[in-house]
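This report covers the fold and the nonpolar interior of one protein chain. The sequence and structure come first.

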Amino acid sequence: MTRTSTGTGTRTNATATPAATPTPAATDQPPESRAARLITDGLDPKTWIIADTLLTGWHTGRLAGIGWGLLGCLFTAVIPLAFIKYGIRRGRWADRHVGRRRQRIVVMTFITGSVAIGITALWAFGAPRTMIALTSAMLATLVALLAVTPAWKISVHAAVSCGSVALLAMTYGPLVLLACPLIAVVGWSRVELADHTPAQVLAGAAVGGAVAAGAFALIR
């Protein structure tokens, strides 16, 4: 606003300043896919491992086999999940999927120890050989993934889902292979959420399927 003097008095001139047009923040991220998040969370390794232990236990010895499955599940799913939740509460990792490789190595090392103790417990209590073979296949898969993880973030989701389908197919028969599209869906969710590249997902599925099936067949 300016004032100018004239012979008849003072006149005020107002100069309007155009309002700034809001621009989107440079750091804005596209919205996360709800479907991908639901799949990643719902079909995470814990879900597959629980299904493996209980279904294999049922096939091995019906209700008694379920008991063996629950014992295996304690060391392969329950204790690992408790450790991950403890780490989240202490601020050591952000969520149950543990995205950072260094943190993932710590978690995978702990889970490897838990599964090894589980195999020992199953053997000591006289569990069926099939249940020992199942947990041993899980241990072999973990060791293989742990060997790769320091250099490359291979997909654990893809490895466990593919390994699980392979193990259940070897237990129940080839009709289980009709569940293979679930492996692809899990892999898609990991790529869609930008947690893994397609190569990491494919490698995880290949390692998980081959190592789990090989170890299971060898020990069973």
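How many helices and strands are there in the protein? The model, which is predicted, has seven helices and two strands. Along the sequence the two strands come before the helices, in the pattern β-β-α-α-α-α-α-α-α.

Of the 220 residues, 39% count as buried. The exposed area is about 12100 Å², and carbon and sulfur atoms supply 67% of that area. Among contacts between residues at least 6 apart in sequence, 72% join residues at least 24 apart.

**Nonpolar cores**

In soluble globular proteins, nonpolar side chains tend to be buried together. Here the largest nonpolar core has 27 residues. Leu134, Ala137, Leu145, Leu167 and Phe216 have the most contacts inside this core. The helices that each give two or more residues to the core are listed below.

| Helix | Residue range |
|---|---|
| H2 | residues 45-89 |
| H4 | residues 129-148 |
| H5 | residues 156-172 |
| H6 | residues 180-192 |
| H7 | residues 198-219 |

Helix H5 supplies the largest share of the core, seven residues.

Which residues does Leu145 contact, leaving aside its neighbours within four places in sequence? The partners are Met108, Ile154, Val156, Ala159 and Val207.

A second core of 12 residues is separate from the largest one. Its members include Ile111, Leu122, Ala127 and Ile132.

Key:
Residues numbered from 1 in each chain as written. Predicted model: local features only at pLDDT ≥ 70, side-chain atom pairs only at ≥ 80, totals over all residues. Heavy atoms only, no water. Core = buried A, V, L, I, M, F, W, Y, C linked by side-chain atoms within 4.5 Å. Buried < 20%, exposed > 50% of the residue type's maximum accessible area, 1.4 Å probe, protein only. Helix = DSSP H or I, 4+ residues; strand = E, 2+ residues; numbered from the N terminus. Contact = heavy atoms within 4.5 Å. Areas by Shrake-Rupley, 256 points an atom, 1.4 Å probe, with all protein chains shown as cover.
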